[in-house]
Structure formats: C-alpha cells, structure tokens
Amino acid sequence: LRLRATWLDLQQRLSVLTRIMEENLGGIRVVRAFAAQDHELSKFEEASKNALELAHQRVGIRVVNTSAMTFSFFAAMGLVLWVGGGKVMSGEITVGTLASFLTFMTILQMPVRQLGLMVNAFARASTCGTRLFELLDLEIAVRDAPDARELKVTDGTLRFENVSFAYPSAPMQEVLHDVSFEARRGETIGIVGPPGSGKSTLAHLIPRFYDATGGKITIDGQDIRKATLQSLRRSVAVVQQDSFLFTTTIENNIAYGDPWAKEGRIERASESAQLHNYVLGLPTGYGTVVGERGVSLSGGQRQRLSIARALMLKPAVMVFDDSTAAIDAATEQRIRSAMRRYAADRVTIIVAHRLSSLMHADKILFIEDGRVVEKGTHDELLALGGRYKALYDLQVRPGDDALSA
Ligand SMILES: Nc1ncnc2c1ncn2[C@@H]1O[C@H](COP(=O)(O)OP(=O)(O)OP(=O)(O)O)[C@@H](O)[C@H]1O
Ligand SMILES: [Mg+2]
C-alpha cells in the first residue's frame, strides 16, 4: 500500500515533468521563436528535482517489497512441500506430480513479476522514442555561428536575395528557388499560392527555423545567419498556422516572450488581437487556465491569443502564417485594422489563402512551386491578368463577401 501511494505520487510528479517536456517539444517552435529556452529549462530542472527525490524513496520501498515477494514465494513453496509431502507419503499423489507442480510454480513466478515492469517500460520507451526523434529532427537544423553577433535592428528592412532552400531531410529537392524581395519598415508583404508551394517554408526561414541553402536573408543589411538566434528571434515574431498554448493562464500565455510585462500591455495586445472581450467574459478573466489541462479555446481564439503573444514582442518583423484561417472574415477585418497601428513601425508578412487577408498589402508575391511567379500590388496583379487574377476571380467577386479558398 505504501508502495502504491508513493508510486502514484511519483507518477504524478513525473507527469508534471512529462507535461513540461511535452509542451516544450510540442511548442518548441514557440519556445524557440520567443527565445525562452532558459525559462523553460529552469522550470524543467525544478520538476526533475522533485521527481528524483521521490524516485529515491520509491527504490527503497521496492527493495523491501521485492524481498517480501521473494520471502512469500519461498513460504508458499514450503507450504506446498509440507502439504504435498504428506500426500505423497499417504499415496494420494506421486512424487512426480509434486515435482512438476513445484517446477511450474517456479517458472510461473518470473513472468508474473516481470510482466508489470515490461508493460510499463514498453509504453514509456515507445512514446519517448517518437518524441525524441521529433525533437532531434528540429534541434540540429540551426545553430549559432561561432562568430555570431547580436542583431542590431535600426531601420528594419528585410531582404531576401536569391534565396533557395531544400529541407535537410530531402537535400536534392529544392522547395524554394531564387526568391528575392525587399520589405521596408511599415510595409506589408502578402504571400499567396497553391498548397505546398513553399509559403510556410519561406516564412520559417526568417526566424531561422531552417537556414537558406542558397542566397541570403538580411535584416538591415546583416545576414541573419551571422546573428545570434536569441537576438534574431526577439526581432522576428511568427504566428503559426497551428498556434500552441501552454497549460497556464491566458495572461502568462500572452506574456510568454516577456514574463515581466505590465498588465496594461497585455490587455492592449489582447485588444488588438480582438481577444479582450472574450477574456473579460470568462469568470476568471486573464487568470483562466488554458491549454491541455485547462479551458479549451476554439481555433480562432487560439490564433488570436498567439497574435497577442506575438504583438508583445514588438518585433521588427512580424510573420503571420495563415494565422487568420480559423477566424471569420469580419473578425479578421477588425484585427487587421487594429494591427495597422502596429504595422507602422515594422515589416509585416502575411501568408494567406484568403485574398481579402492580403489584398491591401503593399506588395504581393504569388508563389508557385517555390518560385515567385508574380509580384506587385493588388491592382497591378489584377491588371496583369495572370495567376493572381484567376484566383481573385475564383474567390472574390465585386460586391461579394470574401470566401476562403
Ligand atoms: N519539414 C519538412 N521536411 C521536408 N519537406 C517539407 C517539410 N515541410 C514542408 N515540406 C515540403 O515543402 C514543400 C512546401 O511546403 P510548405 O509547407 O512550405 O507549403 P505551403 O505553401 O505553406 O502550403 P500550405 O498552403 O498548404 O500551407 C511541400 O512540398 C512540402 O511537402
Ligand atoms: Mg503553409
């Protein structure tokens, strides 16, 4: 019983550990995008210490327990010998029957003991294995250069110069070819194109989730490969397609990149992301716990939360990767107009399927098979009468509401 109680306790503490670990693996892009590794590490350390203490205690109990089990096994054997011996003497059973009974008993005890251990170990090993490989795949992609320097953002101009890229897992298969464009502070760049054309890939090169394999990306003339990841990711915020939430309060989730943020800033970011009113409607407001163990948010609410999270960083470059797909067109328009205030002193990159999300951009890139096939403003691209125009005709007709593809 004592064993079971501590076992349970240990399981619980381990699960805290696992949860922190899982969230970090699941949310590794968020953790890294916000350069919050140190914070997560200390959280993890504390939880491991807790679990270690308990594991010690448990091993002690297991020693006692194993001896007890062995003792009872021998006691049972003694009993069998005693009773069985008597029966052999009286001729009720033969010596052979007693002997095989004892043999089977011995053979049977081992698997019974081991079964529990094995089931446990197997379950853990298999989940750990998959997680680990996921992590490893991500981890080796990018490192600080030995001579890496802090990124100094002055003007905030982002430039792609003949960038090409192939994923490390498929080095022969180029996903981006010769992509070039420039975005100055205050400008919004729209990126549109068929599924699988390389839009997300392009977006992920800016915070260096991967490094370009050809050409270069610069911010204010500095090659981002020469900047420290820490400084780069404080200047580039990405709002992902699948926004990740940590199991903590809404407030902490928004303030993730800046744990010492003042309440007022959190609320303003939340307001701009059109999340504030929803949060006020919750009984515990910004203290409401969300994520795996908390209140679950809808796709649109999650995205708005991650938009607020990104706004907190005051990044020089803000990337939205299809981040408004789960939000209805009207809410999206409200977010866009609130964001215009923010867009003024940064570069904004919007990857979207819905043309209404990006037709007001200063420049629109139409990507197909990893190439920029058309580039210009909404009006220019319509006049061009090419791919963009065709997509526009499909999606938005004058007077109609915007429809998503
Ligand atoms: N981690 C990866 N490893 C290898 N190949 C990948 C990886 N991620 C994407 N790809 C491949 O790169 C190409 C471009 O994918 P990407 O996700 O950039 O497209 P996308 O334009 O964002 O598509 P969508 O509109 O569906 O979001 C696809 O062919 C895809 O299969
Ligand atoms: Mg994508």
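This briefing walks through the ligand site, the salt bridges and a handful of individual residues in the structure above. Keep in mind that the model is predicted. Ligand 1 has 14 residues around it, and the protein buries 63% of the 640 Å² that the ligand exposes when taken alone. Elsewhere, the structure holds 7 salt bridges, and a nonpolar surface patch of about 390 Å² is made by Leu79, Trp82 and Val83.

**Around ligand 1**

- Of the 14 residues that surround ligand 1, the closest are Gly196, Lys199, Ser200, Thr201 and His353.
- Sorted by class, that shell has 8 polar, 5 nonpolar and 1 charged residues.
- Helix α5, covering residues 199-205, gives the largest share of the shell, with 3 residues.
- Thr201 puts a polar side-chain atom 2.4 Å from an oxygen atom of ligand 1.
- Ser200 does something along those lines, with a polar side-chain atom 2.7 Å from an oxygen atom of the ligand.
- His353 joins in through an N or O atom of its side chain, which sits 2.9 Å from an oxygen atom of ligand 1.
- As for cover, ligand 1 on its own would expose 640 Å², and 63% of that is buried by the protein.

**Salt bridges**

- The count for the structure is 7 salt bridges, and a few of them are picked out here.
- Arg159 pairs with Glu182, and their closest N and O atoms are 2.6 Å apart.
- That pair ties together distant parts of the chain: Arg159 belongs to strand β1 (residues 158-166) and Glu182 to strand β2 (residues 174-183), with their positions 23 residues apart.
- Arg159 counts as partly exposed because its relative accessibility is 30%, which falls between the 20% and 50% cut-offs.
- Asp223 and Arg225 form another salt bridge, with 3.4 Å between the closest N and O atoms.
- Which side of that pair is buried, and which is partly exposed? Asp223 is at 13% relative accessibility, so it counts as buried, while Arg225 is at 25% and therefore counts as partly exposed.
- Shared partners also link salt bridges into one network, made up of Arg159, Glu182 and Arg184.
- Lys87 and Glu92 make a salt bridge too, and here the closest N and O atoms are 4.0 Å apart.
- Glu92 is exposed, with 57% relative accessible area, whereas Lys87 is partly exposed at 35%.

**Helix α3: the nonpolar patch and Gly85**

- Leu79, Trp82 and Val83 make a nonpolar patch of about 390 Å² on the surface.
- Trp82 is part of helix α3, which runs over residues 37-89.
- How accessible is Trp82? Its relative accessibility is 70%, so Trp82 counts as exposed, since the cut-off for that is over 50%.
- Gly85 also has its place in helix α3, and at 22% relative accessibility it counts as partly exposed.
- Gly85 and Leu98 are 13 residues apart in sequence, yet their C-alpha atoms are 7.9 Å apart in space.

**Ser231 and its contacts**

- Ser231 is found in helix α6, residues 229-235.
- Is Ser231 buried or exposed? Ser231 counts as buried because its relative accessibility is 8%, under the 20% cut-off.
- The Ser231 side chain reaches the backbone nitrogen of Leu151 at 2.9 Å.
- The side chains of Ser231 and Thr228 are joined by a polar contact of 2.7 Å.

**Positive phi angles**

- Most residues other than glycine have a negative phi, so the next residues are worth a look for their backbone.
- Asn162 is not a glycine, but its phi is positive, near 45°.
- Asn162 is found in strand β1 and counts as partly exposed, at 45% relative accessibility.
- Lys314 is not a glycine either, and its phi is about 50°, again a positive value.
- Where is Lys314? Lys314 lies in the loop between α10 (299-311) and β9 (317-321).
- With 57% relative accessibility, Lys314 counts as exposed.

Key
Residues are numbered from 1 along each chain as its sequence is written. Chains are lettered from A and ligands numbered from 1 in the order in which they are written. This is a predicted model: local features need pLDDT of at least 70, side-chain atom pairs count only at pLDDT 80 or more; totals for chains, interfaces and linings use all residues. Side-chain values use heavy atoms; hydrogens and water are left out. A residue is near a molecule or strand if one of its heavy atoms lies within 4 Å of it. A polar contact is a pair of N or O atoms within 3.5 Å; within protein, one must be able to donate a hydrogen and the other to accept it, and residues adjacent in sequence count only if both atoms are side-chain atoms. Accessible areas come from the Shrake-Rupley method with a 1.4 Å probe; for residues, only the protein chains shown count as cover. Helices (H or I, at least four residues) and strands (E, at least two) are DSSP runs, numbered from the N terminus. Ala, Val, Leu, Ile, Met, Phe, Trp, Tyr, Cys and Pro count as nonpolar, Asp, Glu, Lys and Arg as charged, and the others, Gly among them, as polar. Patches are made of residues with over 30% relative accessible area and no salt bridge: like charges are joined within 9 Å, nonpolar side chains (Val, Leu, Ile, Met, Phe, Trp, Tyr) within 5 Å. A salt bridge is a side-chain nitrogen of Lys or Arg within 4 Å of a carboxyl oxygen of Asp or Glu. Buried means under 20% relative accessible area, exposed over 50%, partly exposed in between (1.4 Å probe, protein chains only).
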